[in-house]
Structure formats: C-alpha cells, structure tokens
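Student: I would like to go through this structure with you, one step at a time. Could we begin with how its strands pair?

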Amino acid sequence: MKNTPTPKNSRRGFIATATAGLIGAGIINTSAHEHTEPATPIAITGLDVNHIYKPLEKITLTAASPCNIAVFDGSGRQYASASDTSSITFMISGTLGYHVLVATNKKGMELSRTSFEVNAKTTLNDGSGTYNKLFRQMYWTMIGSEEGSDMGRGGEAFPFYVEDEFYFTFVPWLRDHVHTLKGMKYFYPNVKSAIDLFAKYQRADGMVWDNFGKRKKEPSMWDKRFAYGGFIQPVDNYKFEFKRIPVEADMEFIFLEGIYVTWQATGDNQWMMGKLDNALRAVKYCTSDPYRWSAKYQLIKRGFTIDTWDFQCEEDAAVAGGDHMCIDKDKTRFGIMYGDNTGFIHACQKLAIMLETANRKEDAKRIAQLAADMQQRLDALAWNGKFYTHHVPEDLTVKRDLGVNLSESFSLSNSYSLNRNIGHDKCVSIINKYKELYKIKPANGLGEWYGIYPPFTKGFGDDAAWEYVNGGVLSLVAGELAHGAFENGAEDYAVDILNRVSALASKYNDFLHGSFKGRIPEKPTMVFQPITLDKYNNVSFSGENAGKATPWTKEGKNDLHEMVVGKQTFLDIPFQITDPAANSSKACIGISTQEGYLPSASIAVGQKAGSIYLLHTKAGPSAVGFVKIIYKDLTTYADEINAQKIDGWWMPGNKPQFKVAWKGTNDKAPYVGVGIYGLNNPFPEKEIKEIVLENGKSSDTKWFVLGITLSDSKVYFKPEEKSHGIPDRWGAAAVMYALAEGLIGIVDTGSSYSATRIAPRWAATKETKVNTVFKYEASQGYVAYNLQQEPTGLRLQVATNAKQRNYEILLPATKKATSVKVNGKVVVFENKQIQNSQYVCWKSNTIGTEDIEIAVG
C-alpha cells in the first residue's frame, strides 16, 4: 500500500535489515553459530519496549550475567557499547527510528536482541522560559491567527486539487511560501508539495510563476493586465491560474532557494536531482530574458519598486502604460535593485552545492562562477560603502521626485543580504546602520526594522509613508537582521531584537503581526466640550421597568442595563452620559420610525467646533440616518451614518470609522456595547446653531445616541500600531529561523542534518540551562542538546544523526577557552574572535552522544 512504512523505518523491517550490518561489523560471529550449540539466552532489564525514547534520554541496562552489549541507531550504526559487563549506561543518540540492543558472549554468539523506538519533536526549554515563550509565539503565528487557527488541520493552510493531484502551500504565493518554509520545516512533513506544484507548471522558457489560485472561465482583470507577456496561465480547464507579477524579478531565485531548503529538510537526493533542470532553466531565463537581464550591467533588473515589492511608483507606472505592476521592455525605466541580485547570487551558490551533490560538476562550476562574477559586478555598482544602494537606474539621467534623497534610501533587502554570503565587513556595516536607525527611531516607534528608510512621501499613492513596506516596521526584517547579527559578532544586539519581538507579540495575544506602522502620529492638543442630552433623551437602558421612557429595543432583559453613566472617558474622549435614575429613566436618544422613538432630534449647540463625536449604536441591519449640522447662518451640512460609521449593540466590532468604546453584558448576549464615530466639521470657522439627528426612513432600524462631544480639532483616534499587507507567518518564520540557527545555533550544513554546525550563543543571554531539539519532520534529521553555563565554564551534551559536527560556541564576554574535553578526552580546539565576541571551535565525527566540558578563563 502507498502509505505502508518502508522496511528501514518499521520495527520488523529494521531488525531484519540491521542483522547484516551487525554481522559485517563483527558483533555477531556467524562462524561460532555454525560449529557450536546455540548460546543460552540471557535476560536484560531496564528497557521499556513500549516507551518511545528521546535523544539524550539516559538508559541503564542490567544483564543477568556478564556479556558484551552494543547499541545501534536507526541507521544501524553502533553508538554505545560495553564489554564483559553486567550493566551499561548510555544516552540515546544517532538516527531516529528503531534502535537495536544486542548482547553477545565472548565468542560473538548472540545472547539477546531487543529493539526500541526513538523519536523527537522540535522543542526549546530555557531556565527562565523567556525563549520558550518566543518559540511558542512564533509557532502560533506560523500556524494560526490572532483570533484563531487559520492554517487548517496539520498546518495545511491552502490545499489545492489540480489535475488529479493534491498540493499544499503555506501561502499560495511562492515567495511567501518559501520564506514561511524556513520556520515551518521544523514542524511540518509535507514540504515538497508546493515546490512540486510550481516546478510542474514552470513556463517552458524557465520563468517561475509568482502565485497560484482559483479562477473562473470568464476573463478577469488579471487576464487583461497580464496576458501581454504570457504572465498569466489558466490550468486544469480554467479551474486555476498561475500569475507572474510582471515587475517582480525575484521569483527565480526564490524557486532555487525553495528547492534547496526543501532538499535540506527532506534529505531526498533523488527528489532534488529531479528539480535541477528546472533550476537551470530558471537561471537561464533570469540571465537572458529582456524583461529581467540588464545587458548594460550584466545583472538582474526591475522597474522602480520599493525593494522587492510588486508595485512601481506612479511616475514610473505612467511611463510604461499606467499599470503599477506591469513593465514594458522598451519604455520601463529599469534599474538594478540589489536585493534581486544578492538573492540570486546566494541561490546560485546553493544550486552549485546541489549540482555538486548530483555529480554534475561542470554545471556546478559554471553556476558558482556566475555567482562570483555577479557578486563582483554588484558590489562595484551598488555598494556605497555603508550599505547597498536601493536602486541604480540603467539610465543615469532619470530623476525621480519621491520626496527623499534616493541615495540615502536604506531598504529591507539589506537585512536579507546579511544572510547571503556578502562578506563579514559588509555585514558589520549594515548592522551598524540598523543600530543607528534604532537610536533615531521615533519615541513611539516599534523598531528599526523598516521596509525602507526614510519612507517615500510622494509617488506611492495609498501606500502612505510609515505604512506597510513604505517605512513600516516589518517582522521579517527583525528576523533576518537578528540572524545576521548572530552570525557577525553582534550577538547582544540580536538577543535584544528577539526580546523586543517577543514583547511586541505579547501585546497581541502572543501573536506577531507581519507589519506595523513605522511612526505613529502624535496626539494633538485637543479641547473637548461634552453636551448634556438629558432633555432630549427618550429611551431607557433597561428593557423593562422603563418608567416614562421607551424600553431599550423592547426586548426585556436583553438590554444595555450595565451601561456606565455620568462623566465618562472612552478612547481619550470625554462624554456626559445621562443617569436614567435622575431623568425619569430616560438615558439616551432613540431615533426610529417605530412607535415610542423619535423621528428626529435637534440638539442646541451655539458654538464652533472642529469635529463632533457621537457615542452611539444601533439595532437593525440598515443605515440609521443622518447627522445634520445647522450653522448660525442657516447653511446645512449632512452626513449619512452608514455601515462604516456604526455597528449593532450586540457584539459590536471596529469599523473603518467606528471604534468600540464600551462593552458590557446581559442575560442574553455574550457581550453588548457602543462605539464612537468622529465627524470632521467641514466649516469649523462657522458657529453651529444645532445638530439634528434624523432617521433614514427605515422601518427596521433603531439608532441610539448616548453622548455627543465637540472638539476644537479634527477627528483623532489613537492609530492602531498594526499596518497591513504581509502574511504574518512569513515574519514569524524569519524570527523562528533566527532563533533556531542564531541563538540556539543549530545549522544544517548538509541535508537532513547529515553535517551540522552547532553554535549555541546562550552566553549573550542570562540563561544558564537550556534543553532543545530541532528536527526536520520530513526526514527525521535532528540535533538535540542540553546546555549548562557556569562561571567557570560550560557543559554541553549533544545527540544527532549528523556524521560531521562543527562546533563554534560563544563564550562569556572577555573569556577564552582553556580546555575542551569530549567524553572525558581532551580535544584540540581553537579560540576564534568575531568582532569582540569569543568562540571556541573544533570538529568531530562522533556517532554517539558527546558530553562536552569547556573550561574558560
């Protein structure tokens, strides 16, 4: 059957296939069996075959009589043994799966054999819980939403059934999927699916699609916009479509990166080799197609966008036909955006590794040389001595007026470039630039992790300054920056970033949003004048016992009886709310065509105002009516109270122009509430004679006004910190990847952790005790360690399936290693300095657990 476990992963299958290895290793002596009577079996105790053991778990076994004991991992490799003994104590290590315990006598005759299961999952536990919390916050963000899970069962957020095949993507945009994969690879097994989808439908010339989704047979606006260059392709009888945003120039390198990360997570060489021709076609497309390749600079080009994003500024869009996403080979004012190129160069370096693994040495050499040549050209063109220049035009006479000095534009791909082998000195310079931005960020700014700084104040329409990628603060930048800082001697700064990210997520139910405003407008000085509505009121907050007032919606205990009264301030705006006990139960104005309500109400004012705030709510589905401002000169201004400016009193929510101000309960509703709408007075220089509340002639809606307050300023509500436009899981994955490879320091330098760099940097924190496992669910490759830091040194216990281990361990400030012992034996090591940070380094090819003691001084 299709889902039957392979023999090497099943208990019966493993024991059968492992026997040959045990004989070959000389553990079992077959010749002894041929010439003598079978040995008498012995009992070995201490092993629970029904228990699933974990790496680094300690086991003590006792034999009924002295014998030789050997333990083999899931790949049949021996990792623990003892001779002529009645007991053995060992810590589990090696490949996951079914491990085998074999006992033999002095002649090599088998006395006992038992298998036990070993498995693990990605976990992090630190003494204070600080980074366990960050770990859980990022995982929750990757699989859910602030309100609840939206990834679906097992994290399968976006399932697609295309031409009789199922595919799953974390996000149906390839870019977003691959960036999310960097964090989800530790938790989710089905990581090949999305790359398979985009590889299968790759355009014949090598172009890679940007996104995938459902469609109808009828032509859409996307067909009209993108058909001109073959940038849209219906598939499966028009059930689905692939699109390429024409201005985007990064999809090919994203595709290459996706292949590489997926190969690492799966360890599947055959799968990887099956994608290499797709990858080479993508390289050829990028380096030859007139939409992508700059003949002048011999680098990848694009229209003028904010970094790697998919919309051009207004003047560039106008030059090429008016569509912000489209380009014209002859008219578009192309230039070099460095991030497209550092990403492509780095992806080619990874492609060369895969080609070498596949024994395609000539292709590997050619692609590696292409990467080296492009890096040299890019640095000569775009490195300005401190960071990469955002956009270098092909036509140097082109001048753009975007409200800033374009030579100072510092964009988000600088953070990505930190992790793309651009060289240590450049990385240090970029990190220092981010540190400078942190020092000058606005007092209410959330971080220095800008999409671009300074933001453009012209040319990007609705994408206003300090929002989204135009100067917004992006969690993906925080993650990439932290990762790069860990790798380049700025560990304290990297830890500070992680701590600030966790604090930010804590404000939103432990959920990290993808983008925040880069600057939040300061609250203006405002003078308020609440209006007393006692004499205009006609409705009670109570649905029963309303006295002379009309009962609230006339539904008995389903009412607003918990509403607070008197002088109250909501969202920094004061209101005077009538106390019904002192006003014949009349608590608010009720406007409706229904019996017991007023068709309109006129409230005397007699003063000027910059804005008017209504504390109000409604019952019923329709628009409620109009606010009419009658000025002293008898001119009138009318404002319709539509669905954007009000919500129902049962479980109200924020709207674009309506903010929930108060919530309470009653016997019928989960919660009830009211909110505020602010109306800017179009003629603040005129004295207002009166404000008229007038119903909208709807017979099914009631409008309740609880308070009216005037202000001398324009409407102001404290803006939300959140911005928009980026999948939250993308940024969370970047932070998870920084936590995994940066602070925890587990880096896959092969595939499926066949080779690994183990570089814990806990010395940059206050943590003294850490236990962690990072595992690929797709392949079972993993690294686990227990770490304990003390003033005199460090102890580290490591288990992994890796055949090669490269240790680079951060030491406490000003300390150097004086000795390193592994399993009690002294090893040769090197003290290495990166900036002001000290590391102790050595290499190992041990199969079993390594118990490491590092002395410092």
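Student: Which residue of β31 is the bridge partner of Q529?

Tutor: Keep in mind that this is a predicted model. Strand β20 (residues 528-531) runs antiparallel to β31, and four bridges join the two. Within that pairing, the partner of Q529 in β31 is L710.

Student: Which residue of β31 is the bridge partner of L614?

Tutor: Look at strand β25 (residues 611-619), which pairs with β31 in the antiparallel sense over nine bridges. L614 has its bridge partner in β31 too, and that partner is I708.

Student: And in β31, what is the bridge partner of I589?

Tutor: Here you need strand β23 (residues 589-591), paired with β31 in the antiparallel sense over three bridges. The residue of β31 that partners I589 is V705.

Student: How many residues of β31 are buried?

Tutor: A residue counts as buried when its relative accessible area is under 20%. Strand β31 covers residues 702-711 and is mostly covered. The number of its residues that are buried is ten of ten.

Student: Let's turn to the nonpolar core. Which helix gives the largest share of the largest nonpolar core?

Tutor: In soluble globular proteins, nonpolar side chains tend to be buried together. In this model the largest nonpolar core has 177 residues, and L351, Y785 and I854 have the most contacts inside it. The largest share of this core is ten residues, and they come from residues 251-266, helix α7.

Student: How many residues are in the other core, the one with L61 and I92?

Tutor: This other core lies apart from the largest one. V773 and A799 are also among its members. Its residue count is 30.

Student: Which tryptophan is in contact with Y785, leaving aside neighbours within four places in sequence?

Tutor: Y785 is one of the residues with the most contacts inside the largest core. Its contacts beyond those neighbours include L56, I744, P760 and L796. The tryptophan among them is W762.

Student: Now for charged pairs. How many residues apart in sequence are the parts tied together by E248 and R302?

Tutor: The side chains of E248 and R302 meet in a salt bridge, at 3.2 Å from N to O. E248 lies in the loop between β11 (240-243) and α7, while R302 is in the loop between β13 (299-300) and α10 (314-319), so the pair ties together parts whose separation in sequence is 54 residues.

Student: Are E248 and R302 buried or exposed?

Tutor: The cut-off from before helps here: under 20% relative accessible area. E248 falls in that class, and R302 does as well. For both residues the word is buried.

Student: Is D401 buried or partly exposed?

Tutor: D401 and K458 meet through their side chains in a salt bridge (3.0 Å, N to O). Partly exposed lies between the buried limit, under 20%, and the exposed limit, over 50%. With a relative accessible area of 45%, D401 is partly exposed.

Student: Which helix holds E487, the salt-bridge partner of R761?

Tutor: The side chains of R761 and E487 meet at 3.5 Å, N to O. R761 is buried, with a relative accessible area of 2%, whereas E487 counts as partly exposed at 22%. R761 lies in the loop between β33 (755-758) and β34 (769-775), so the pair ties together parts that are 274 residues apart in sequence, and E487 sits in residues 475-487, helix α15.

Student: How many salt bridges does a search of the whole structure find?

Tutor: Some salt bridges share partners, and these join R175, D210, E248, D250, R302 and D340 into one network. For the whole structure, the number of salt bridges found is 43.

How values were computed
Residues are numbered from 1 along each chain as its sequence is written. This is a predicted model: local features need pLDDT of at least 70, side-chain atom pairs count only at pLDDT 80 or more; totals for chains, interfaces and linings use all residues. Side-chain values use heavy atoms; hydrogens and water are left out. A nonpolar core is a set of buried Ala, Val, Leu, Ile, Met, Phe, Trp, Tyr and Cys residues joined through side-chain atoms within 4.5 Å. Buried means under 20% relative accessible area, exposed over 50%, partly exposed in between (1.4 Å probe, protein chains only). Contact means heavy atoms within 4.5 Å. Two strands pair if DSSP finds at least two bridges between them. A salt bridge is a side-chain nitrogen of Lys or Arg within 4 Å of a carboxyl oxygen of Asp or Glu.
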